[in-house]
Amino acid sequence: GDDVPARIADPAQQVIQTLDYANTRYSRLDQINAENVGKLKVFWTFSTGVLRGHEGSPLVVDGIMYVHTPFPNNVYALDLDHEGRILWKYEPRQDNEVAAIMCCDLVYRGLAYAQGMVFLHQADTTIVALDARTGAVRWRVANGDPKRGESNTATVMPVKDKLIVGIAGAEFGARGHISAYNIKDGTLAWRAYSTGPDAQMLIDPEKTTELGKPVGPDSSLKSWEGEQWKIGGGAPWGWFAYDSKLNLVYYGSANPGTWNPSQRPGDNKWAMTIFARDADTGVARWVYQMTPHDQWDYDGVNEMILTDQMVDGRLRTLLTHFDRNGFAYTLDRATGELLVAEKFDPSVNWAKGIDLDKASPTYGRPILDPKYGTEAEGEDVTYQGICPAALGSKNQQPAAWSPDTGLFYVPTSHMCMDYEPFFVDYAVGQPYVGATLTMYPAPDAKDGHTGSFIAWDNLKGRVAWTIPERFSVWSGALATAGGVVFYGTLEGYLKAVDAKTGKELFRFKTPSGIVGNVMTYEHRGRQYVAVLSGIGGWAGIGLAAGLTDPNAGSGAKDAYAALSSYTALGGQLTVFAL
Ligand code: PQQ
């Protein structure tokens, strides 16, 4: 039977990367609290033996910790009774060539557990179901083809008898899709593309709505020229959320291919879109395209956080999303109604706002500032001073929400860019980028700081407090019932701050930069906090991949050059306790 909901309800364990289906990243554990968190000590550590960016977090199930690594995606089962003694290890064999089609470091956002199995989704898109006790392979299936530019960095999400699975490759002209595999044997239950004919997108022209209106027939096909949709990107490489009452799965799609907007006239639906899909059939209930006809690479894949909150005296089912494009959106997750859309970083300039006037013909669309588009003067022109940079006001590192404070805790980036689009020919499995970028601190960044950790009120659409950080915060946050919020920094600090005020309560410098997500668990009555360090991801690509050309890594190498004065490569798990 499905043991995931009961295990999610037990705060001692962590069985999915997002902690719960709602993506709140809120733990009800409270032994470690605002009073005593300053006394945290390193309890044990574990070297993963792999360099590159360590995203995601370990899982803890029945006294065993499951640790994943970036490519080559090794899996360790560690015995928590014996400070992480290795129970078993799984080392997949993958063709090294997949590394060449991974845009933003060889990251992997972690394992998921369900029904006695641990699910690994390898870089080469092979999904493997491992026996949680022994590490034996129960089944294995290929979700994509690296020769066509398809790879994987995302975690999977088990929902009832299915495994929800994404794919990466929008920088390689891959056509994004989400798939559901049957947990018991790995057979495909349904697949829905992000672009193309309604039947392949599992869109019902009458019943699938955007902002309350049916999308109508061929909504995607009509928004592209010719057959560009076939190489149109929109890869769902981020996170999934699930509402069991509505039986809807939520996620976002990435940028349209290529980054050169002149090559793809139209709105490019449904790239850059929030999807709500029926978990059993995959059919889309509603969609909302945040950045029609993207000109900046503002992928829409960041996590969807599901909360039930009072709005004007009425309890509403909400979805809050901090997009790459710098706007934080609050929607009704049952209907897709847009309630709030505000900038969560004041430097955002590509759009003046989002049109929230229901009577307006451009309702729900961004109000563009023509100064910061990237196609008005054609290709081979450098469009300058665009904020945020392509890596976004926030990237994949997930935010947290605390029901105690009602606030969202958001790791953010404060970078701007110059963007030079150029014509690119599509060739199967080759980069299909079509733009050169330079990224640099936002003009109002104090002391060149390129990051901050903020608390956000999703009903008022306002920042509650801000902690400036030297570098973009690329680590996922954790909020707890102890009134503490944790996050990591690119220099390698694990920090704990007061959930109400943001006051720093604890810091510890781990051996490498943190791009992983902080997690907590309880074992034999004691609460622990754990985090992976290992610099990498897009922000850390210069160090992780040893890049030397200043504009390499899509402009990230030079932008974060100063990182090498603070940290170096290394994959390590650090486990803290009082
Ligand atoms: N991955 C990171 C990271 O892990 O730090 C950052 C990014 C990715 C991006 O900013 C991307 O735009 C991006 N895009 C795709 C895509 O469009 O398929 C995939 C990935 C990825 O798989 O990591 C990233």
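Here are some short exercises on the structure above, each with a worked solution.

This is a predicted model, in which local features need pLDDT of at least 70, side-chain atom pairs count only at pLDDT 80 or more, and totals for chains, interfaces and linings use all residues. Residues are numbered from 1 along each chain as its sequence is written.

**Exercise 1. Which residues touch the most other members of the largest nonpolar core, and which strand gives the most to this core?**

Step 1: Start with the terms. A nonpolar core is a set of buried Ala, Val, Leu, Ile, Met, Phe, Trp, Tyr and Cys residues joined through C-beta atoms within 7 Å. A residue is buried if 20 or more other C-beta atoms lie within 10 Å of its own, exposed if 12 or fewer, and partly exposed in between, with C-beta atoms placed from the backbone.

Step 2: The largest core has 185 residues, and Tyr250 and Val485 touch the most other members. Strand S39 (residues 526–533) gives the most to this core, with five residues. Strands are DSSP runs of E, at least two residues, numbered from the N terminus.

Step 3: Now follow Val485. Leaving out residues up to four places away in sequence, Val485 touches Ala400, Tyr409, Ala477, Leu478, Ala479, Val497 and Ala499. Contact here requires C-beta atoms, placed from the backbone, within 7 Å.

**Exercise 2. Where are the cis peptide bonds of Thr258 and Trp270 placed?**

Step 1: One cis bond joins Gly257 and Thr258, with omega about -5 degrees. Another joins Lys269 and Trp270, with omega about -5 degrees.

Step 2: Thr258 lies in the loop between strand S18 (248–252) and strand S19 (273–278). Trp270 is also found in the loop between S18 and S19.

Step 3: For background, most residues other than glycine have a negative phi, and most peptide bonds are trans.

**Exercise 3. Is Asp218 buried or partly exposed, and is Asp297 buried or exposed?**

Step 1: Asp218 is not a glycine, yet has a positive phi of about 55 degrees. Its loop runs between strand S16 (213–214) and strand S17 (241–243). With 15 other C-beta atoms within 10 Å, Asp218 is partly exposed.

Step 2: Asp297, likewise not a glycine, has a positive phi of about 65 degrees. Asp297 sits in the loop between strand S20 (284–289) and strand S21 (304–311). It has 28 C-beta neighbours inside 10 Å, so Asp297 counts as buried.

**Exercise 4. How many bridges join S23 to S22, and how many join S23 to S24?**

Step 1: Two strands pair if DSSP finds at least two bridges between them. Five bridges join strand S22 (residues 314–322) to S23, and the two run antiparallel. His321 has Tyr329 in S23 as its bridge partner.

Step 2: On the other pairing, five bridges join S23 to strand S24 (residues 338–343), again antiparallel. Leu331 stands opposite Leu338 in S24.

Step 3: Look at the turns. The hairpin of S22 and S23 has four residues between the strands, and Gly326 in the turn has a positive phi of about 95 degrees. The hairpin of S23 and S24 has five residues between the strands, and Gly336 takes a positive phi near 80 degrees.

Step 4: Five of the six residues of strand S23 (residues 327–332) are buried, so S23 is largely enclosed by the rest of the structure.

How values were computed. Contact = placed C-beta atoms within 7 Å.
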